[in-house]
Amino acid sequence: MSAYAPKKEAAGEESEAPKIHRVRITLTSRNVKNIEKVCADLKRAALTKKLKVSGPVRMPTKKLRITTRKSPCGEGTNTWDCFEMRIHKRLIDLHAPSEVVKQITSIEIEPGVEVDVIIQDEK
């Protein structure tokens, strides 16, 4: 055993590989065509980078319904209007370094599609 500290690697060499993160991308939209196009673009970009991709997982559609009377004054026959808004949701899971995720998510996102990215450490 020596009294000297162990040698450190040279400054030019890096011993650490980029840290791999678990990334969950959540897409929500009222338009199915837009959300499917964004999902396909994200998956294509991830596969070209040779990443492990799972998804898109189609979550159940939320149907928000409002039923109202047609008559503004309340008089007359009881006629009703039903309005419905459908919200579609997709999940995509990736295993990638955070720098690569920035490159993948820089694609063109369709109008009306909300993107939520959650990055977790790999365990």
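## Close-up views of a predicted model

The chain exposes about 9,500 Å², and carbon and sulfur atoms supply 53% of that area. The model shown here is predicted.

**View 1. The whole chain has two helices and four strands.** Along the sequence these elements follow the pattern β-α-β-β-α-β. The chain counts 123 residues, and 24% of them are buried. Many contacts bridge long stretches of sequence. Take contacts between residues at least 6 apart: 73% of these join residues at least 24 apart.

**View 2. The largest nonpolar core holds 18 residues.** Ile25, Leu27, Leu42, Leu51, Ile92, Leu94 and Ile104 touch the most other members. Four elements each give two or more residues to this core: β1 (21-29), α1, β3 (80-96) and α2 (98-104). Helix α1 provides the largest share, six residues. In soluble globular proteins, nonpolar side chains tend to be buried together.

**View 3. Leu94 is one of the core residues that touch the most other members.** Neighbours within four places in sequence are left aside here. Leu94 is then in contact with His21, Arg22, Val23, Ile25, Ala46, Lys52, Val53 and Ile104. Two of these partners, Ile25 and Ile104, are also named among the best-connected core members.

**View 4. Asn34 sits in helix α1, which spans residues 32-48.** Is Asn34 buried or exposed? Its relative accessibility is 15%, so Asn34 counts as buried. Beyond its neighbours within four places in sequence, Asn34 is in contact with Glu110, Pro111 and Val113. The C-alpha atom of Asn34 is 8.5 Å from that of Ile109, although 75 residues separate the two along the chain.

**View 5. Asp93 and Arg24 form one salt bridge of the eight in the structure.** Their closest N and O atoms are 2.8 Å apart. Asp93 is in strand β3 and Arg24 in strand β1, so this pair links distant parts of the chain, 69 residues apart. Both ends are partly exposed: Asp93 has 23% relative accessibility, and Arg24 has 38%.

**View 6. A salt bridge joins the side chains of Glu36 and Arg90.** The N to O distance is 2.8 Å. Glu36 belongs to helix α1 and Arg90 to strand β3, 54 residues apart. The two ends differ in cover. Arg90 is buried, at 6% relative accessible area, whereas Glu36 is partly exposed, at 23%.

**View 7. Lys37 and Glu110 meet in a salt bridge.** Their closest N and O atoms are 3.5 Å apart. Lys37 lies in helix α1 and Glu110 in the loop between α2 and β4, so the pair ties together parts 73 residues apart in sequence. Lys37 is partly exposed, with a relative accessible area of 40%. Salt bridges with shared partners join Lys37, Asp41, Arg44 and Glu110 into one network.

**View 8. Lys50 has a positive phi of about 60 degrees, yet it is not a glycine.** Lys50 lies in the loop between α1 and β2. Lys50 is exposed, with a relative accessible area of 74%.

**View 9. Gly55 and Pro56 are joined by a cis peptide bond.** Omega is about 5 degrees. Pro56 lies in strand β2, residues 52-69.

**View 10. Ile109, Val115, Val117 and Ile119 form a nonpolar patch on the surface.** Together they have about 270 Å² of accessible area. Ile119 is in strand β4, residues 113-121. Ile119 is partly exposed, with a relative accessible area of 43%.

Notes:
Residues numbered from 1 in each chain as written. Predicted model: local features only at pLDDT ≥ 70, side-chain atom pairs only at ≥ 80, totals over all residues. Heavy atoms only, no water. Buried < 20%, exposed > 50% of the residue type's maximum accessible area, 1.4 Å probe, protein only. Contact = heavy atoms within 4.5 Å. Areas by Shrake-Rupley, 256 points an atom, 1.4 Å probe, with all protein chains shown as cover. Patch = residues over 30% accessible without salt bridge, like charges linked within 9 Å, V, L, I, M, F, W, Y side chains within 5 Å. Salt bridge = Lys/Arg side-chain N within 4 Å of Asp/Glu carboxyl O. Core = buried A, V, L, I, M, F, W, Y, C linked by side-chain atoms within 4.5 Å.
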